[in-house]
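Please look over the sequence and the model below before reading on. The report that follows goes through salt bridges, the nonpolar interior, helices, backbone geometry and the overall form.

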Amino acid sequence: MANANQKFEKIAIIHHPTPESGQIAEQLHKYFLPVNPENSDLIIVIGGDGSLLHALHNYMSLNIPFYGINSGSVGFLMNNFHIENFFANIQQAKSTNLYPLKMKAINTKGQEFEALALNEVSIFRQTNQAAKFRIKVDAIERMEELIADGALVSTPAGSSAYNLSAGGAIVPLGSNVLCLTPISPFRPRRWHGAILPAEVVIEFEIFESEKRPVSAVADFNEFTHIERVIIRSSKDKAIKLLFDQNHTFEDRMIKEQFSY
């Protein structure tokens, strides 16, 4: 991470429609007049990780930094709010770059779909039958057949979300890796996934796709009846996220690994 080292003058506020988020927004309104995101040099998102994720998708094309304020429960990607030192915190915040995943999914009719994911790309069974699929990494077969509810590939930012719930590892935001994690594996039962270099291309080839239909999801964009999914990191699209210098994502990552 690097210090933002920048004075933000035109700030936009996006907040989740809850009383807690609204109260924080009202406090900030006393100190500055927010502008539209398109005219800002910083976007403040008040809510939880989901609120930030939607804002990143909506405004990543603006190429300006985002600062999250937590008004929810966990908020791995969010900062705590203290009005007395808020402006000092954002001016001295540390920045890190997020790189989304590019997903191409091909359905049973041969139609192709593309989407970006900042958290994860996942495949998941659509019916009561488990999914069966092959896993390739850089066109090399690494698992001949996995029988499971599904699998996911997460970015470091997404490693603390669905990936963690599925039994995957949390990795630092600045790490140049992807997390490949099975979802409720049946065979091989003891395979817990892999940590892979971010430069690789990961492919899921679905078996019996008509009998065992599978969905592919890039964050909140879902495509059904998929028979092939190709995932790669998008290094040409960096998204800048700011963290308080005394309360970074890495601090929360380490703390989470020692919780029980």
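Arg-212 counts as buried, since its relative accessibility is 12%, and residues fall in that class when the value is under 20%. This value, like every other in the report, comes from a predicted model.

**Salt bridges**

Arg-212 does not stand alone, for its side chain meets that of Glu-208 in a salt bridge with a distance of 3.0 Å from N to O. Glu-208 also forms a salt bridge with Lys-132, where the closest N and O atoms are 3.7 Å apart. This second pair links distant parts of the chain, because Glu-208 belongs to the loop between strand S13 (201–207) and strand S14 (214–218), while Lys-132 belongs to strand S9, 76 residues apart. Glu-208 is partly exposed at 35% relative accessibility, whereas Lys-132 is buried, with a relative accessible area of 17%. Together with Lys-211, the residues Lys-132, Glu-208 and Arg-212 are linked in a network of salt bridges.

A search of the whole structure finds 8 salt bridges, and one of them joins the side chains of Lys-102 and Asp-236 at 3.9 Å, N to O. Lys-102 lies in strand S6 (residues 101–107) and Asp-236 in the loop between S16 and S17, so this pair ties together parts that are 134 residues apart in sequence. Lys-102 counts as partly exposed, at 36% relative accessibility, and Asp-236 is exposed, with a relative accessible area of 62%.

The three salt bridges described here can be set side by side.

| Pair | N to O distance |
|---|---|
| Glu-208 and Arg-212 | 3.0 Å |
| Glu-208 and Lys-132 | 3.7 Å |
| Lys-102 and Asp-236 | 3.9 Å |

**The nonpolar interior**

Which residues have the most contacts inside the largest nonpolar core? They are Met-103, Val-121, Ile-123, Phe-133, Val-153, Phe-204 and Val-229, in a core that has 31 residues. Strand S10 (residues 140–154) contributes the largest share of this core, with 5 residues. A second, separate core has 23 residues, among them Leu-52, Leu-98, Ala-157 and Leu-241.

Val-229 gives a closer view of such packing: leaving aside residues up to four places away in sequence, Val-229 touches Met-103, Lys-104, Ala-105, Val-121, Ile-123, Ile-202, Glu-203, Phe-204 and Ala-216.

**Two helices and their packing**

Helix H2 (residues 49–59) has the buried residues Ser-51, Leu-52, Leu-53, Ala-55, Leu-56 and His-57. These residues pack against strand S2 (11–15), strand S3 (42–47), strand S4 (66–70), strand S5 (94–98), strand S7 (112–117) and S17.

In helix H5 (residues 249–257), the buried residues are Phe-249, Arg-252 and Met-253. When H5 is seen down its axis, these buried residues fall within an arc of 105 degrees, so they line one face of the helix. A general rule helps here: an α-helix has 3.6 residues a turn, so residues three or four places apart point the same way. The buried residues of H5 pack against strand S17 (239–243), a strand that also appears in the list for H2.

**Unusual backbone geometry**

Most residues other than glycine have a negative phi, and most peptide bonds are trans. Against that background, the peptide bond from Arg-187 to Pro-188 is cis, with omega near -10 degrees, and Pro-188 is found in the loop between strand S11 (177–187) and strand S12 (194–197).

Two residues that are not glycine have a positive phi: Ala-139, at about 70 degrees, and His-225, at about 55 degrees. Ala-139 is found in the loop between strand S9 (131–137) and S10, and is exposed, with a relative accessible area of 68%. His-225 is found in the loop between strand S15 (221–223) and strand S16 (226–233), and is partly exposed, with a relative accessible area of 37%.

**The chain as a whole**

The protein chain contains 5 helices and 17 strands, and 50% of its 260 residues count as buried. A compact globule with 260 residues would have a radius of gyration near 18 Å, and the 20 Å of the protein chain agrees with this. Taken along the principal axes, the C-alpha atoms fill a box of roughly 60 × 40 × 35 Å. Of the contacts with a separation of 6 or more, 69% are between residues 24 or more positions apart. The accessible surface comes to about 12700 Å², and 48% of that belongs to carbon and sulfur atoms.

Conventions:
Residues numbered from 1 in each chain as written. Predicted model: local features only at pLDDT ≥ 70, side-chain atom pairs only at ≥ 80, totals over all residues. Heavy atoms only, no water. Buried < 20%, exposed > 50% of the residue type's maximum accessible area, 1.4 Å probe, protein only. Helix = DSSP H or I, 4+ residues; strand = E, 2+ residues; numbered from the N terminus. Arc of directions from axis to C-beta. Contact = heavy atoms within 4.5 Å. Core = buried A, V, L, I, M, F, W, Y, C linked by side-chain atoms within 4.5 Å. Salt bridge = Lys/Arg side-chain N within 4 Å of Asp/Glu carboxyl O. Rg over C-alpha atoms; globule rule 2.2 N^0.38 Å. Areas by Shrake-Rupley, 256 points an atom, 1.4 Å probe, with all protein chains shown as cover.
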